[in-house]
Amino acid sequence: MPRSRPKPIIPERAEERGEGERERAVRTIESEGNDEGSEAASFSVSLLIPTQSVRRRRWLVVLRSEVGERDFSMDLLPSEAPSSVGMRRQGFRSLKLVSLTMDEPLAEKPVGVDYGVLDNGLTYYVRCNHKPRMRAALALAVKVGSVLENEDERGVAHIVEHLAFSATKKYSNHDIIKFLESIGAEFGACQNALTSSDETIYELLVPVDKPELLSHAISVLAEFSSEVRVSAEDLEKERGAVLEEYRGGRNATGRMQDAHWILMFEGSKYAKRLPIGLEKVIRTVTPEIVKQFYQKWYHLSNMAVVAVGDFPDSQSVVELIKFHFGQKLCGSVPPPDIPNFPVPSHNEPRYSCLVESEAAGSAVMVSCKMPVDEMQTVKDYRDSLAEAMFHCALNQRFFKISRRKDPPYFSCSSAADALVRPVKAYIMTSSCRERGTVAALEAMLIEVARVRLHGFSEREISIVRALMMSEIESAYLERDQMQSTSLRDEYLQVDVVIVRESNFCYMLKLQHFFRKEPVVGVEYEAQLQKTLLPHISTAEVSEFAANFCTTCSCVIKIVEPRVGATLDDLRAVVLKVNTLEEERRIPPWDDEHIPEEIVAEKPNPGSIINQKEFSSIGVTELLLSNGMKVCYKYTDFLDDQVIFTGFSYGGLSELPEDEYISCSMGSTISGEIGIFGYKPSVLMDMLAGKRAEVSTKVGAYMRTFSGDCSPTDLETALQLVYQLFTRKVVPGEEEVKIVMQMTEEAIRAQERDPYTAFTNRLREINYGNSYFFRPIRISELKKVNPIRACEYFNDCFKDPSTFTVVIVGKFDPTISIPLVLQYLGGVPRPSEPVLKFNRDDLKGLPFKFPAKIVREVVHSPMVEAQCFVQLAFPVVLKSISMMEEIHCVGFLSKLLETKIMQVLRFKHGQMLGLLTLLMLQIYSVNVTVFLGGNKPSRTGDVRGDISVYFSCDPDISSKLVDLALEEILYLQNQGPSEQDISTVLEIEQRAHENGLQENYYWLDRILRSYQSRAYLGDVCESFEIQDEGRTKVRKTLTPSTMKWALQKILPFPSKKQYTVVILMPQISRLKVLKSLLLLSSNGFGRDVKILAGAAGALVLAISLWRYSRTALKS
């Protein structure tokens, strides 16, 4: 059922709020920045559910900095706003409570959908939904996963998923992929399918503006169900892609996840059936074995088709499903029952101390397994609400502890998730300083024991009630504006969702088809929560701490980059905490004092000096009395969303080099102290039950603040902006100490990561040794001046006259303009300008692309071999034709991505040379454009680069680079085909159409209109010039004009100027010696043997020298 495992954020929120629209192919420096400092504080560890996919399982992440409670004597619903605002929530407030008995069953048949089962056993779900317009989200779900594999089939379930897109009875030679791309439905890594332990899901998002497209797409799903072709040729073509996916998952994160999974499910078949399988099976499995697995398990009775989209009516779609699937027969032999694979319980904890030299930090994981709950009755739903409240309250405690003096961990979170069909788990994860895992584990276990002994406080639970009520209210208000993909996933499974409220985390999977969990609809669920939440007591919530007991099938694991804690250390901690709990020597929780108001004294409102209406784009622009410019656009895409961004020119590029490191840390240090006048842990409670968040960023050329809120919480969000401008951040010793510890840990983690050496060398080659592009080192970190860092941050957000603010969403001017005048217009203007810069006078960053060809291999120590390749070309866009060329670059990058992918993965299949047969091991290709190093001047050319990025088998990396270069040169000389141009035009048009229905798209477009070179004071004119540039490029884009663009924008010929950096595993001296000895034993001459002996002598000499140096030091 929708959100049947309740949580503070509704699963579709991240997708609904346009997260995808903010991912741009063309990057700027403001989106890139230099984030070593800000990202240093964000390291966290999560146990991910293993899946393998062409579109791996997504993790939708909603970030919110502060959550909390404003008034602890409040009613269980958010307090009444003024009557005009209160009407906004009246729909939810007028919802009637429902009269319930706890044993009342929830509806078995899903609500709001055409649901049925065909005679051949296929289940179908069809629902009309108009967002996005003229699109349909389709899926074929199969109750078949890796746990069904035999020993010689390990990895076959995932291979079948790959083969489905390669060839079927009706389609061959990747015709399905060509069809998807031709209609603008992009195909690529992590987009179209997934395989997990228990299920396989194929997903399509297709346009339906032409009736035949929907029929064609459903026919593709029908082919997947029973007509996948498994020939020797097909299998060989896909082995390489699957092997590269296998290799890509063998990094530090993958190894840690796999090790924890195996430990968790020890004694069950799940432990030995990771979806990616075994490398040996991937390399050697025969077509006969793959076909046998497919024919044995792929039966229509194990499948469901889901179609949610902008259909005229649902019945016509049901008829299409019957037409394409109904004629398929059940088969003469009844399909085998899908067996249950039990996971044995255990009373004694399992312990593990994993040393992972490439780990991103030290971490602790505590998992307690239990049987999966059934969701059948109102009581089941009520229990799930209480369980969600438990994790919410516990995570808020964890966050507050992480912000204390000398905290035991940097971050910690608790979650509940159904990991496999029979088992769910409570999972706590924390990240901590090196050699701090024992202290972190003790703090985690003590906090759960504290809840068992003393429970949560009434105030803590009232905060959680307000938070959850606010979120179900938001979902209710936007119930008719949900994305079709979100509704589709309700009937199959909602991808695992992480919702982070600071470190507040929920994992959630909702399944109707796979587990027959009810789908009751948002309206009824809102009534349920409104009825049940007020009556869930503090004691009931606290009882769930019993599930986090070390005797409940508990698995305790630590991860460290170097040997530190031992198994005995872990056992000693468990014994210590258990003893403290038995002797009741753990004191109750001590809450902080929480102020009631964010703004203690409301400011005097400003006034409107000038107002302009731009009706053609639906925008109004205000100039306020303090000099701030505010532009707003009303939309009705989402009834519970207002978003905004304010920007000002002038950033880190204006600083002298000796101040750069300190000032670049300003945002991180200030964020830890509290940029809104309160510590983050205090503000979290002040904002309980409200949906209002504000963040800041200081980039190379701009400072920005951004917000996302409910229309009824717009006042709260604007109050946070007012506090940002009017409250000084003063560094405290403890806060600075925590930030420096976290940053130092992050830097050390980066140094352990093999990828770091690769990215550092890329920056150095492509952008020069500029201080802005260099990573922060520990030696530089120790020179950071926190006082100067905070002074700079305070100045960045001090002068309102330098800022332009764009607001988009459900923005009612009659209600909202007075709030804008009070909190934005009320920001005092300093007597002298602060950081006021002319965009044309900013200092540019010193970077220059190499004038000659650079090909370099970076060797880095690795636990398991990984290989990453980046091929880059310089780009220069001439000022006179900028508007057209910037759009042309977008089309060009998509063309290169599509064509290089075809060449490297699909076209060459096996043959990489006339004499050598190798599987082409590549999984995906990404092409990105970076134009960010340029200052935002309205004159001069724009420089940047286009980069082609992929991972591959180390042995063939150079050959793949040559193939990519050959393809680019071919396109420059011969041009693309008409079909190639049609494909990129269709993909761009579909993305544009989707964007027009998203708030974030409009926010981005308006911001770019203000920041465009075409902006001379009229935002509408700038907007239209950009639109005209796009239209002109689309109309004139042909094979010949694209050929001309490839020659003009890229170096021509492409082989005359480029850089290639390849990350390769560092080969140990022992392996070099071994390979030389093998050469000598294979009949090579006397000279080779002499060389081998010399190499051995050299290795021995170096070893003895190092030993002597060690002995001397000791």
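**Exercise 1. Find which residues of helix α33 are buried, then check the helix's length.**

Step 1. Buried means under 20% relative accessible area, exposed means over 50%, and partly exposed is in between (1.4 Å probe, protein chains only). In α33, the buried residues are N999, Y1000, Y1001, W1002, L1003, R1005, I1006, L1007, S1009 and Y1010. That's ten of its 13 residues, so the helix is mostly covered.

Step 2. Before going on, know what you're looking at: this is a predicted model, where local features need pLDDT of at least 70 and side-chain atom pairs count only at pLDDT 80 or more, while totals for chains, interfaces and linings use all residues. Residues are numbered from 1 along each chain as its sequence is written, and side-chain values use heavy atoms, with hydrogens and water left out.

Step 3. Helices (H or I, at least four residues) and strands (E, at least two) are DSSP runs, numbered from the N terminus. α33 covers residues 999-1011. The expected span of a helix is 1.5 Å times one less than its number of residues. For the 13 residues of α33 this gives 18 Å, and the end C-alpha atoms are 18 Å apart, which agrees.

**Exercise 2. Work out the sheet that α33 packs on.**

Step 1. Start with the strand order. Two strands pair if DSSP finds at least two bridges between them. The sheet is open, has seven strands in the order β15-β16-β17-β21-β18-β20-β19, and its pairing is mixed. At the edges are β15 and β19 (692-698), each pairing on one side only. From one strand to the next, the twist averages 15°.

Step 2. Now place the helix. Contact means heavy atoms within 4.5 Å. α33 touches β16, β17 (629-634), β18 (642-649), β20 and β21 (804-809), and its direction makes about 20° with that of β18. Such angles run from 0 to 180 degrees between N-to-C directions; axes are lines fitted to C-alpha atoms, for helices over the stretch in contact.

Step 3. Look at one end of the sheet. β15 (residues 608-614) and β16 (residues 619-624) run antiparallel and are joined by six bridges. E613 sits opposite T620 in β16. The two strands form a hairpin with four residues between them, and G618 in the turn has a positive phi of about 65°.

Step 4. Go to the other end. β19 pairs with β20 (residues 702-709) in the antiparallel sense over seven bridges. S695 has S706 in β20 as its bridge partner.

**Exercise 3. Describe how α14 and α15 meet.**

Step 1. Two packed helices are described by the angle between their axes and the distance between the axes. The axes of α14 (residues 378-402) and α15 (residues 437-454) come within 11 Å and cross at roughly 130°.

Step 2. Name the arrangement. Angles under 35 degrees count as roughly parallel, over 145 as roughly antiparallel, 65 to 115 as roughly perpendicular, and the rest as oblique. So α14 is oblique to α15.

Step 3. List the contact residues. From α14 they are F390, L394, R397, F398 and I401; from α15 they are M444, E447, V448, R450 and V451.

**Exercise 4. Take apart the six-stranded sheet.**

Step 1. This open sheet runs β3-β4-β8-β5-β7-β6, with mixed pairing. β3 (114-117) and β6 (193-195) are at the edges with a single partner strand each, so one side of each has no neighbour in the sheet. The twist averages 10° from one strand to the next.

Step 2. β3 and β4 pair in the antiparallel sense over four bridges, and G116 stands opposite Y124 in β4.

Step 3. Add the helices. α6 (residues 156-166) packs on the sheet, touching β6 and β7 (200-207), and its direction makes about 165° with that of β6. α13 (residues 314-325) packs on the sheet too, touching β3, β4, β5 and β8 (303-309), with about 150° between its direction and that of β4.

**Exercise 5. Is N129 buried or exposed, and what does N129 touch?**

Step 1. Find N129 in the loop between β4 (123-128) and β5 (135-142).

Step 2. N129 has a relative accessible area of 6%, so this residue is buried.

Step 3. Leaving aside neighbours within four places in sequence, N129 is in contact with V308, G309, D310, M482, Q483, S484 and L487.
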